[in-house]
Amino acid sequence: EQRRAGVLVTQGRALLVAGDAAGALELARGAFALADRGADVLTTATLGLDCAALVAAVLPLLPDDRTDDARASGREMANAALALIATRTYHFLERTKADALAAARTLASAVTAVPALRVEVFGTMRVFAEGAELDASVWKRRRAREIFAYLVCERGRLVPRSRMIDTFWPDSDADSASDNLRVAISTIRRAVGDVVRYEAGGYRFTPPADTVIDLERFDAALSRARIARDAGDGATARAAYEAAVATYGGDLLDGFDDATWHLRERDRLRDGALEAARAVATDASAAEDVRATAIDRLLDLAPFDVEAMRVRLARLTAARRVGEARSEYERWQKRYADAFGNAPPEFWQAPRLVAIAPRAS
């Protein structure tokens, strides 16, 4: 397959000389796909450089409506080759493939069009491109989806390759782990666009400026709430806490059962959600429907929170739904006893019903 890839590169160069830029581009893509399947890593890196250089030469000859797509392909080839060169220390390619390396570096640093993204990591992870949710099949590999989530949670910080390999392939040899990581990054780029950049021995999540990530919105709302609370600005604090409650859609990355890297971050976010929900639930000035949502969220997160249960029972009682409140309190006490094996705390008593005498006729 790698020999065939080399033949395709040569044929692509011939088509480029003949003026068939579109044909040369397709051969470059075909060659890169074959090179990526081969076992010889040096050949994979060399062919990646050759394919990227061919795409760079093709770009000026393509019509405007095809350049963005071609540049994205070339950048994928360049990033894959440069990552291999950096990790395998193939420094001699600086001499033997100097021109191809220069072309690859130019492509790797180019900015390409990426669709508008929305990423939800609270609860089950969901990714939207141009408003449409991506099907799970786009990831092809489970690790690609998990690494994408990992980089999203790093919020644009540069993550060293060594840390990613230790996290996701701790028991693999270095070469196999490096190849697995490279394939996963390529899968991510195919799924959501060119949003992962390789630089300085690591990877960074670099989405478009208009990307919306629920995790970032939650942290921003919680930060605003705390600043306003400490400054004595109750109205601003309440609005920001309400925004945090509305954004928190469940525990971080629910369903990533085999992963452990996100558990500390999950606990931090859960604590923040508890803080926000408790602040709104106990704020008598908040709208009733907003308080009800906050109480529900608080009891989802901390089902045995006495204060949250007290507020819920008080609301039911105020709405003259005493029987419903009594039943809910009894169920809560039973769940508490089953969970902890001891008597639940007594903190509520149903109000007495006052009989009303019939009016005289």
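**Figure 1. Helix α4 passes helix α6 in a left-handed crossing.** Welcome to the first close-up of this predicted model. Two packed helices are described by the angle between their axes and the distance between the axes. For α4 and α6 (residues 98-108), the angle is about 115° and the axes lie 8 Å apart. On the α4 side, the residues in contact are R71, G74, R75, A78, N79, L82 and I85, and they meet L101, A104, R105, L107 and A108 of α6. Sorted by class, the residues of this contact are 7 nonpolar, 2 polar and 3 charged.

**Figure 2. Helices α3 and α4 also cross in the left-handed sense.** Here we stay with α4 (residues 64-88) and turn to its packing against α3 (residues 41-58), where the angle is about 150° and the axes are 8 Å apart. From α3, look for V41, T44, A45, G48, L49, C51, A52 and V55. Their counterparts in α4 are A70, G74, M77, A78, A81, L84, I85 and R88. The contact of α3 with α4 comprises 12 nonpolar, 3 polar and 1 charged residues.

**Figure 3. Four strands make an open sheet with mixed pairing, in the order β3-β2-β1-β7.** The edge positions belong to β3 (132-133) and β7 (212-213); each has a single partner strand, so one side of each is left without a neighbour in the sheet. Strand β1 (residues 117-120) runs parallel to β7, and 2 bridges join them. With β2 (residues 126-129), β1 pairs in the antiparallel sense over 4 bridges. A handy residue to follow is V119, which stands opposite I213 in β7 and opposite V127 in β2.

**Figure 4. The β1 and β2 strands form a hairpin with 5 residues between them.** In the turn, take a look at G123, whose phi is positive at about 75°. In a regular strand the side chains alternate between the two faces of the sheet. Strand β1 shows this alternation: L117 and V119 point to one face and are buried, while R118 and E120 point to the other and are not buried.

**Figure 5. A 3-stranded open sheet has the order β4-β6-β5 and antiparallel pairing.** Strands β4 (159-160) and β5 (196-199) are at the edges, each pairing on one side only. Between β5 and β6 (residues 202-205) there are 4 bridges, in the antiparallel sense. One pair to pick out joins V196 to its bridge partner F205 in β6. Helix α7 (residues 142-153) lies across β4, β5 and β6, and runs at about 75° to β6.

**Figure 6. The largest nonpolar core holds 75 residues.** Which members touch the most others? They are I147, F148, L151 and I188. Helix α7 supplies the largest share of this core, with 8 residues. Zooming in on L151, and not counting residues up to four places away in sequence, we find that it touches G156, V159, M164, I185, V196, Y203 and F205. A second, separate core has 39 residues, among them A5, V58, L59 and A80.

**Figure 7. E154 and R155 lie in the loop between α7 and β4.** Is E154 buried or exposed? Its relative accessibility is 14%, so E154 counts as buried. Leaving aside neighbours within four places in sequence, E154 is in contact with V159 and R163. K140 is 14 residues away from E154 along the chain, and their C-alpha atoms are separated by 22 Å. As for R155, its relative accessibility of 25% makes it partly exposed. R155 also has a positive phi, of about 55°, although it is not a glycine. Most residues other than glycine have a negative phi.

**Figure 8. R320 is a non-glycine residue with a positive phi of about 60°.** Our last close-up visits the loop between α14 (306-318) and α15 (322-340), where R320 is found. How does R320 sit with respect to the surface: what is its relative accessible area? The value is 80%, and R320 is therefore exposed.

Methods
Residues numbered from 1 in each chain as written. Predicted model: local features only at pLDDT ≥ 70, side-chain atom pairs only at ≥ 80, totals over all residues. Heavy atoms only, no water. Axes fitted to C-alpha atoms, helices over the stretch in contact; angles between N-to-C directions. Left-handed = near helix turned anticlockwise from the far one by under 90°. Contact = heavy atoms within 4.5 Å. Nonpolar A, V, L, I, M, F, W, Y, C, P; charged D, E, K, R; others polar. Pairing = 2+ DSSP bridges. Buried < 20%, exposed > 50% of the residue type's maximum accessible area, 1.4 Å probe, protein only. Core = buried A, V, L, I, M, F, W, Y, C linked by side-chain atoms within 4.5 Å.
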